[in-house]
Amino acid sequence: MNAPLRRVGVVVIVLFGLLFANLNWIQAYKADEYRTSDYNGRVQVAKYDRKRGNIEAGGTALAVSKETDGELKYLRTYPGGAKYAHVLGYEPVNGAATGLERAENDFLAGTSDQLIVNRLRDMVTGDTTAGGNVLLTLSKRAQDTAYDELRGNNVGATKGAAIALDPATGAVQALVSIPSFDPNPLASHDTDEATAAYNRLEQEAGRPLRNRALGEVLPPGSTFKIVVAAAALENGITKETNIPAGSSYTPPTSGEPIRNAAPSICPESQVTLMNAVTESCNTGFAKLGVQLGPDVLKEKARQFGFEQEDLTVGRLGEGGLSVAASRTGSMENPDGGPDPAALAQSSIGQRDVRMTPLQGAMIAAAVANGGSQMRPYLVRQLLAPDRTTVYDTANPRELRRPVSNQVAADLRDMMVSAVENGTGRNARINGYTVGGKTGTAQSAPDRPDHGWFIGFALDSEGKPVSAVCVVLEEAGSGGSAEAARIAGQIMRAAIAEPGGR
Amino acid sequence: MTAAATPASSPATAGERPGVRMARSRRNAELSLLLLAMALVAAYGAMVEANVLDTVTPGFWVPAATLTAVFLGMHLVIRFLAPFADPALLPAVALLNGLGVGFLRRLDLANAAPEERADLAIFAGTGGRQLAWTLISVVLAGGLLALMRDHRSISRYAYTLGLAGIVLVMLPAVLPASISEINGAKLWVRIGSFSIQPGEFAKLALLVFFAYYLVRKREVLSLASHRFLGIDFPRGRDLGPVLVVWVISLLVLVFEKDLGTSLLYFGMFVATVYIATERVSWLLIGLVLFFGGAYLAYVLGEAVGGPFANFYLRAQIWLDPFAQPYDDGYQLVQGLLALGSGGLFGAGPGGGQPLMLPEVQNDFIFAGIGEEIGLFGLSALLVIYLLIVERGLRAALAVRDSFGKLLAGGLAFTLALQVFVIVGGISKLIPLTGQTTPFLSAGGSSLMANWLLIAVLLRVSDAGRRPVDGAGGKVTRPSGPPEQLHGAPTEVIKP
């Protein structure tokens, strides 16, 4: 019986060998995958062992971790509440973080490669230092103004967004989306409470969790005329050139006539480009668009930033909040030739043209900045846990150059005229030169129109100080004028307190 | 009896039996190994407190010292009643048992409110209960050693034990689910707050019966009538008992909803038949029957559901636990995540998050421990199990009688198979089934049954290593079939 006993011994060794090999597979090969798995609650507990760094703007802490008595040692709180919710996002106990909490997670949590020296020091001293701090470019005053004014708009719009940039650097001065939400319950350690809060927000009709400033694409209406005007200026038309206009224009292939917002606007057969922008002459721009053709229009829009799918706003060049792509849509017939009806409607920012509020602000910023469009960013500086060492200071850089200095100057003159003499009067600021363009965009056949304003402010020396885009969704009549007023208020606040660069 | 401790004057017959060659009792080696094991248990307790409480309480050594006292008692019993028993068995088992108690106490600490942790009573909670169960189990094991001076004496009760075994196996299946079902497996008999797993004891009783039956029938079963592919297959009518056990094990699978127990009984039986007959054909038949049956149950579970649905579900979870990570696959997923989080070195005793694991004090204790001691620690635990099993097999090799060989070999293999089933289950090597992890899991039934198993192995190893003609020593004469038949195949009748 000894021979089979020995063989049984071999079988046992084989069985244990299988166990051993399998444990190696799980604990060595798959260990990292399991350790960081979404289903692994240990990730959350470990995450709360170290104090997460602050997110601050202008010396005010907007996201701070407070010590608790519970198993999770720190509670993430957002003193700014709903005001900064779409910039900061939130860091839930279970589930995925959003906003800059997600984008800058490594640095905030202290696990970033940049903080390796700190971690090594901790290993020696046995301390657990906090995560790093993230300083934002936001102007607290501009952000407050944008949030309060949007919420208190006098046309009763419940949805909308505002974004303000420093045209010279691309630093975001304000970024607001309404309706907003209070991120504090979402970061609660009581995960049932957090889940309930999330589900409530998720089901709200206004979709408050959505960042409209970066993620919502809407027909831009007349604000798109700046792009068309830029294309015209590069194709032999000057701001004083007379272009065909009229009270009504029916493109060759379509029975739908294009009319102006009011009969008083450019009823004459010819207006200068300057006046067409100032008055927001629909027929003039529709004809201009048909004359320029789809390729020229689309190319110009692309040069301003349309169609870009991978833009992010956060740390310069290091990810951040993703931005939806703005689109020009199709302006061609099925056979590939230009479709005059589509062209005409697209030229006044309708049809399939879609734009994010950020894209609108970037157009205004490029015009204000002599044709140079700076890459937008939110993170000004990364500060070590000890608050003395600076790890990463934003170094503003040009994203693209959509128009030449000369074309930019002409566009600037026309937009200034639109604010001083035309549709954007509400945006005027004493002592500053303000330029801009309103837009009223049809949303759906039976819904009120969206009100847009894109614009900029120049100081007395002609240097750009702020570029802004405000949109009030389904604001109805007076929406664009109210948007212009809000834009003026935001720029005024940004001038008073420029925020960090 | 004490005279047997005297070294044998002349090395007996030949070197073919390792026990005979070195007729030293090695009790002092056992004692030092035991103390080393207990030092490890004490160190483990201190590390747990350092990690969980941030301080080591003055009383950290009390559980380890209590265990040491209990195991020293067992050591003395062995010294006097089984002086030639294998010296590695007790320390190895004591280490596992001690670490189990330590880990359960670690769970108690985690379960307690932070402010109550520092002065948590040593004998409270799961850990304290396990300590008490250890005492009872060791007393039982010592008692068995005292009552059973010769392992062959239990063969007298073989039929009684066999009947008792079958009753114990079937009991939970027959009883209503309210009494016998816990977590989907009908393995229990619950009376009030007290519950036992009769299956744990059944495997011991059945194995005694198998060993006795097979020793008597091995000639018949060894008869081969068909030769196919170079393998001798038994005659059809000799398949009877195997088929009966196969059917019983499948019934267990279906009605107790437990693949592990089924695999355990069947594997146990096939292994003992193979050891008894030396016929590979029995292994093949066994494997084909078991896997065929399991596959059939899987197919039926998919097509018909009913009693087979549970097995089908378990197989589905095994194939892809992450498909339903929060309901059906939750246990297995959490087990894998715990093991993965432990990685190579583990989070350190007391440094993990074992409470995230469901059933961490029972089925998933190996994963819970694995998170804290890592791959290296778990490998060491596997080696300790392997050591116990190999020592059991060695006792089987050394003992002279067939009944002892079958008994020790079968028990050792059963222990190995149980470790394989549960550790393989929680690590997704095989479908997960509810088995206890020997000596680690919380619970009296498992601990008692496994300590009784160890007592039998100690007894058999004592018989095997005892010098044949020691001065005054009792000369053990083999009682089974004549010696010369052991190595040689029995007469083969070919048609």
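This report walks through a predicted model of a complex of chain A and chain B.

## How far to trust the model

Let's begin with confidence. For the complex, the predictor gives an ipTM of 0.87 and a pTM of 0.65. Chain A has an average pLDDT of 88, and 97% of its residues score at least 70. Within chain A, the lowest confidence falls in helix H7 (residues 116–125), with a mean of 72, while helix H16 (residues 357–368) has the highest, at 95.

Chain B averages a pLDDT of 82, with 82% of the residues scoring at least 70. Helix H1 (residues 18–21) of chain B has the lowest confidence in that chain, at a mean of 46, and H14(B) has the highest, at 95. Two stretches call for a careful eye. Residues 1–21 of chain B stay under 50 in pLDDT, and the model gives them 35 contacts beyond four places in sequence. Residues 470–489 of chain B are also below 50, with 32 contacts in the model beyond near neighbours in sequence.

## The two chains

Chain A contains 18 helices and 19 strands. Of its 501 residues, 56% are buried. Take the contacts in chain A between residues at least 6 apart in sequence: 70% of them join residues at least 24 apart.

Chain B, for its part, has 16 helices and 6 strands. Buried residues account for 55% of the 495 residues in chain B. Among chain B contacts with a separation of 6 or more, 72% are between residues 24 or more positions apart.

## Where the chains meet

At the interface, 41 residues of chain B are in contact with 30 residues of chain A. On the chain B side, the elements giving two or more residues are helix H10 (259–277), helix H13 (330–342), helix H14 (365–398) and helix H15 (402–426). H14(B) gives the most to this side, with 12 residues. Sorted by class, the side of chain B that touches chain A has 24 nonpolar, 14 polar and 3 charged residues.

## The nonpolar cores

The largest nonpolar core has 152 residues, and those touching the most other members are B:Val208, B:Ala211, B:Leu407, B:Ala412, B:Ala416, B:Leu452 and B:Leu457. H14(B) appears again here, giving the most to this core with 17 residues. If you would like one residue to start from, try B:Leu407: leaving out residues up to four places away in sequence, B:Leu407 touches B:His151, B:Leu207, B:Val208, B:Ala211, B:Val456 and B:Val460.

Another core, of 141 residues, lies apart from the largest one; among its members are A:Ala171, A:Leu218, A:Trp452 and A:Ile486.

## Two helices of chain B

Helix H4 (residues 89–111) of chain B has 23 residues and reaches 33 Å from its first C-alpha to its last, close to the 33 Å expected at 1.5 Å a residue. Since 21 of those 23 residues are buried, H4(B) is largely enclosed by the rest of the structure.

Helix H11 (residues 280–303) of chain B has 24 residues, which should span 34 Å at 1.5 Å a residue; its end C-alpha atoms are 34 Å apart, in agreement with that. The buried residues of H11(B) are B:Trp282, B:Ile285, B:Gly286, B:Leu289, B:Ala297 and B:Gly301. After H11(B) comes B:Gly305, which has a positive phi, near 75°.

Methods:
Residues are numbered from 1 along each chain as its sequence is written. Chains are lettered from A and ligands numbered from 1 in the order in which they are written. This is a predicted model: local features need pLDDT of at least 70, side-chain atom pairs count only at pLDDT 80 or more; totals for chains, interfaces and linings use all residues. pLDDT is the predictor's confidence in each residue, from 0 to 100. Helices (H or I, at least four residues) and strands (E, at least two) are DSSP runs, numbered from the N terminus. Two residues are in contact if their C-beta atoms, placed from the backbone, lie within 7 Å. Ala, Val, Leu, Ile, Met, Phe, Trp, Tyr, Cys and Pro count as nonpolar, Asp, Glu, Lys and Arg as charged, and the others, Gly among them, as polar. The expected span of a helix is 1.5 Å times one less than its number of residues. A residue is buried if 20 or more other C-beta atoms lie within 10 Å of its own, exposed if 12 or fewer, and partly exposed in between; C-beta atoms are placed from the backbone. A nonpolar core is a set of buried Ala, Val, Leu, Ile, Met, Phe, Trp, Tyr and Cys residues joined through C-beta atoms within 7 Å.
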